[in-house]
Amino acid sequence: MSSTRERILDAAEDILRTRGVVRATTKEIAQATGVSEPTLYKYFGDKERLLLAVLEERVPGPSRVAVRPGEGDVETNLTELAHAALDFYQQSIPMLGALLADPERMAAHRIAMSRHGGGPEKPVAGFAAYLKAEQDLGRVAAHADPRASAALLVGACFQEAFLRHYAHGAGAEPAPRSHAAALARAVVGPLC
């Protein structure tokens, strides 16, 4: 039997995917779980922390990919990271999209994510740190800009996921690994 925390995350993931963070309520998530709202807050503190837990624990993302500088080859590692980013964005866009249309909720969300150590800048920073470490090992050209390369790759992943969602909705098939490989190849060329 799963723990209360796990049941809350399961319900939150389902509701956030179908209703988005703006329309989903903690009351609805608590009811779907069979717990009270105070119990939900006992585990997560606030709605943003619950959202962050869903994103970190239920939606695959680059932070779950174990690539290490100096191991494997850079293109393969970037392909793994890009594939995870594509999956993450494809699953999180329906959850988060409506925030962009509500300046007040977006500002509150931005503050809460900052307080909890989350935010959309994290993938670029992570990819850039990986590329900088590879650069320090001599596996990425000294003239390369790890931050700009990371921003290009992460931005391309986001755009691909957005276009898939736009064309096919929330039920779109995951992007194939070949899409991630093509994006990684495009970034690796100038780096090596």
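**A walk through the helices and their shared core**

Helix 3 passes helix 4 in a left-handed crossing, and in this predicted model the two helices offer a convenient place to begin. They pack at an angle of about 65°, with their axes 9 Å apart. Where they meet, Leu40, Tyr41 and Phe44 come from helix 3, while Lys47, Arg49, Leu50 and Ala53 come from helix 4.

Helix 4 itself deserves a longer look, since eight of its 11 residues are buried, so it is largely enclosed by the rest of the structure. Those buried residues are Lys47, Glu48, Leu50, Leu51, Leu52, Ala53, Val54 and Leu55, and they pack against helix 1, helix 2, helix 3, helix 5 and helix 6, the last of these running over residues 103-115.

One residue of helix 4, Leu50, can be followed in detail. Its relative accessible area is 1%, and because buried means under 20%, Leu50 counts as buried. Setting aside neighbours within four places in sequence, Leu50 is in contact with Ile8, Leu9, Ala12, Ile29, Leu40 and Phe44. Thr39, which stands 11 residues from Leu50 along the chain, has its C-alpha atom 12 Å from that of Leu50. Ile29, one of the contacts of Leu50, has a set of contacts that can be read in the same manner: with neighbours within four places again left out, Ile29 is in contact with Ile8, Ala11, Ala12, Ile15, Leu40 and Leu50.

Both residues belong to a wider grouping. The largest nonpolar core has 49 residues, and those with the most contacts inside it are Leu16, Ile29, Leu50, Leu78, Tyr89 and Leu131. At least two residues of this core are supplied by each of helix 1 (4-23), helix 2 (26-33), helix 3 (37-44), helix 4 (47-57), helix 5 (74-96), helix 7 (122-136), helix 8 (146-168) and helix 9 (177-191). The largest share, 10 residues, comes from helix 5. As a general background, in soluble globular proteins nonpolar side chains tend to be buried together.

Helix 7 shows how burial can be arranged around a helix. It has 15 residues and reaches 21 Å from its first C-alpha to its last, which is close to the 21 Å expected at 1.5 Å a residue. Its buried residues are Pro123, Val124, Phe127, Ala128, Tyr130, Leu131, Glu134 and Gln135. Because these residues cover an arc of only 160° around the axis, they lie on the same side of helix 7. The general geometry is helpful here: an α-helix has 3.6 residues a turn, so residues three or four places apart point the same way. What covers the buried residues of helix 7 includes helix 5, helix 8 and helix 9. Just after helix 7, Gly138 takes a positive phi of about 85°.

The last stop is the loop between helix 4 and helix 5, where Gly70 and Gly72 are found. Gly70 has 39% relative accessibility and therefore counts as partly exposed, whereas Gly72, at 55% relative accessibility, counts as exposed. When residues up to four places away in sequence are not counted, Gly70 is in contact with Glu134, Leu137 and Arg139, and Gly72 touches Asn77 and Arg139. Glu134 also appears among the buried residues of helix 7. Finally, the C-alpha atoms of Gly70 and Glu13, which are 57 residues apart along the chain, are separated by 35 Å.

Conventions:
Residues are numbered from 1 along each chain as its sequence is written. This is a predicted model: local features need pLDDT of at least 70, side-chain atom pairs count only at pLDDT 80 or more; totals for chains, interfaces and linings use all residues. Side-chain values use heavy atoms; hydrogens and water are left out. A nonpolar core is a set of buried Ala, Val, Leu, Ile, Met, Phe, Trp, Tyr and Cys residues joined through side-chain atoms within 4.5 Å. Buried means under 20% relative accessible area, exposed over 50%, partly exposed in between (1.4 Å probe, protein chains only). Helices (H or I, at least four residues) and strands (E, at least two) are DSSP runs, numbered from the N terminus. Contact means heavy atoms within 4.5 Å. The expected span of a helix is 1.5 Å times one less than its number of residues. The arc is that of the directions from the helix axis to the C-beta atoms. Axes are lines fitted to C-alpha atoms, for helices over the stretch in contact, and angles run from 0 to 180 degrees between N-to-C directions. A crossing is left-handed if the near helix is turned anticlockwise from the far one by less than a right angle, and right-handed if clockwise.
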